[in-house]
Amino acid sequence: MEKFDVVRAWGRILSGRRPSLSIEITRECPLRCPGCYAYEEGHLGEAGPLRSLADYKGEALIENVMNLVHSHRPLHVSIVGGEPLVRFRELDVLLPRLSELGIKVQLVTSAVRPIPAGWTNIKNLTVVVSIDGLQPEHDARRKPATYEKILANIVGQKIIVHCTATSQMLARNGYLEEFLAFWSARPEIRKVWFSIFTPQKGDQPEECLSPKQRETLLAELATLRARFPKLDLPQSVLDGYRNPPQSPDECIFSRTTANYTADLKTKITPCQFGGNPDCSQCGCIASAGLKAVGEYRLAGVIPLRSLLGLSQTIGETVVKIREKSQSQFVHIKTPIKDVGE
Ligand code: SF4
Ligand code: SF4
């Protein structure tokens with residue numbers, strides 16, 4: 001995050017808003033990836049499983065997403081799923097509109113269908129394609145979005161590859177290097193990101209890394225950065241992975257992002273994972289990156305993270321004042337209309 005972005009984000013917080021918005025744009029996905037948090041039973045808590053929600057299509061989806069954006073006024077919007085490309089027609093309209101508002105958009109997809117060619121011209125749009133390891137493992141986990149399909153569907157694009165590291169990938173020496181060699185060589189790839197599988201509290205699925213595996217992963221990736229410049233892993237993010245927040249309260253990403261699911265009403269808490277995630281094993285790249293922002297010291301003395309609570313309290317007060325003045329405005333206006341003006 002650039003310093004200018006931090007200043008703008010702080011302005012949003014002081015006005016009682018969250019600078020980032022994340023939207024599960026649809027409940028649908030043709031894939032059934034093992035370990036997918038969006039379809040875990042507890043993801044939406046009492047709202048029920050994602051596939052059981054009512055979601056929107058067509059004009060209604062476009063209008064309701066724009067309403068959500070206008071009410072939150074975010075600087076950054078993440079569009080996730082389900083599979084966003086299921087709604088590519090609606091996104092063809094939405095993405096340019098968000099771009100016109102100066103909002104940075106990140107769209108995360110499995111590239112199960114072609115990414116529309118026109119999206120390469122949309123300013124401030126980042127398309128991130130999720131790849132689950134090398135071809136044999138990926139194809140087994142992500143069918144029908146196989147390597148073959150993805151390679152055909154990203155032709156002409158400039159995308160970021162995102163891989164969630166799992167314990168299976170650390171079972172064989174040289175796995176990460178092979179992965180980076182394959183994707184770095186492709187002209188469509190701008191960057192490669194790694195996050196780490198994040199379990200729910202009390203769960204220990206096979207994707208989970210042991211503490212030793214986590215350190216092995218980070219040490220290996222730190223070394224591979226020199227050979228694969230497309231691997232985008234600043235030291236600050238590595239440090240964030242080594243010291244994840246211990247709770248959502250400590251997580252700047254959680255505190256600065258509003259997450260909505262496909263009915264565009266239900267909020268996902270405490271972060272995009274929903275349920276009860278184990279922050280101490282968090283592998284979210286955004287959380288790790290924002291931890292570094294939080295460690296930044298204002299005037300070299302006060303860490304920004306220590307100002308976040310104060311700024312949010314100020315923001316809440318601003319919201320109360322705004323709501324109060326709006327209700328007074330309505331209160332005054334109504335009788336004027338009544339007397340015939
Ligand atoms: S493509 Fe994404 S949303 Fe769909 S099942 Fe896989 S991880 Fe979940
Ligand atoms: S992003 Fe990670 S640290 Fe933040 S609330 Fe979610 S699980 Fe916890």
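**S167, two ligand shells and a buried strand**

S167 counts as partly exposed, with 16 C-beta neighbours inside 10 Å. The cut-offs behind that label are simple: a residue is buried if 20 or more other C-beta atoms lie within 10 Å of its own, exposed if 12 or fewer, and partly exposed in between, with C-beta atoms placed from the backbone. The model is a predicted one, so local features need pLDDT of at least 70 and side-chain atom pairs count only at pLDDT 80 or more, while totals for chains, interfaces and linings use all residues. As for labels, residues are numbered from 1 along each chain as its sequence is written, and chains are lettered from A and ligands numbered from 1 in the order in which they are written.

Back to S167, which sits in the loop between β5 and α6. Leaving aside residues up to four places away in sequence, S167 touches E206, E207, C208, L209 and Q213, where a contact means C-beta atoms, placed from the backbone, within 7 Å. L217 is 50 residues from S167 along the chain, and their C-alpha atoms are separated by 9.4 Å. Contacts across long stretches of sequence turn up throughout the protein chain: of those between residues at least 6 apart, 76% join residues at least 24 apart.

The protein chain has eleven helices and nine strands, taken as DSSP runs (H or I of at least four residues for helices, E of at least two for strands) and numbered from the N terminus. It holds 341 residues, and 34% of them count as buried.

Strand β5 (residues 159–165), just mentioned, pairs with β6 (residues 189–196) in the parallel sense over seven bridges; pairing here takes at least two DSSP bridges between two strands. A165 stands opposite I196 of β6. Put helix α6 (residues 175–184) together with β5 and β6 and the result is a right-handed β-α-β unit. Right-handed means that, with the strands pointing away from the viewer, the path from the first strand over the helix to the second runs clockwise.

A second unit of this kind, also right-handed, is built from β1, helix α2 (residues 58–72) and β2. Strand β1 (residues 20–24) is largely enclosed by the rest of the structure, because five of its five residues are buried. In a regular strand the side chains alternate between the two faces of the sheet. Both faces of β1 are covered, with S20, S22 and E24 buried on one side and L21 and I23 buried on the other. β1 runs parallel to β2 (residues 76–80), joined by five bridges, and I23 faces I79 there. β1 also pairs with β7 (residues 257–260), again parallel, over four bridges, and T257 is the β7 bridge partner of S20.

Some of the backbone geometry is worth a look, since most residues other than glycine have a negative phi, and most peptide bonds are trans. The loop between α2 and β2 contains R73, whose phi is positive, about 50 degrees, although it is not a glycine. R73 is partly exposed, with 14 other C-beta atoms within 10 Å. A111, in the loop between β3 (104–109) and β4 (125–130), has a positive phi too, near 55 degrees. A111 counts as buried, with 24 C-beta neighbours inside 10 Å. On the peptide side, the bond from G81 to G82 is cis, with omega near 15 degrees, and G82 belongs to the loop between β2 and α3 (88–100). The bond from T269 to P270 is cis as well, with omega near -5 degrees; P270 falls in the loop between β7 and α10 (285–295).

G81 and G82 come back in the shell of ligand 1, along with C29, L31, R32, C33, C36, A38, Y39, E83 and S110. Being near a ligand takes a C-beta atom, placed from the backbone, within 6 Å of it. By class, this shell has six nonpolar, three polar and two charged residues. Ala, Val, Leu, Ile, Met, Phe, Trp, Tyr, Cys and Pro count as nonpolar, Asp, Glu, Lys and Arg as charged, and the others, Gly among them, as polar. Ligand 2 is surrounded by 15 residues, of which C251, C271, P277, C279 and C282 are the closest. Its shell has twelve nonpolar, three polar and no charged residues.

Finally, helix α8 (residues 235–242) has V237, G240 and Y241 buried. Viewed down the α8 axis, these buried residues fall within an arc of 100 degrees, so they line one face of the helix; the arc is that of the directions from the helix axis to the C-beta atoms. Q235 and R242, on the other side of α8, are exposed.

Terms used. Contact = placed C-beta atoms within 7 Å.
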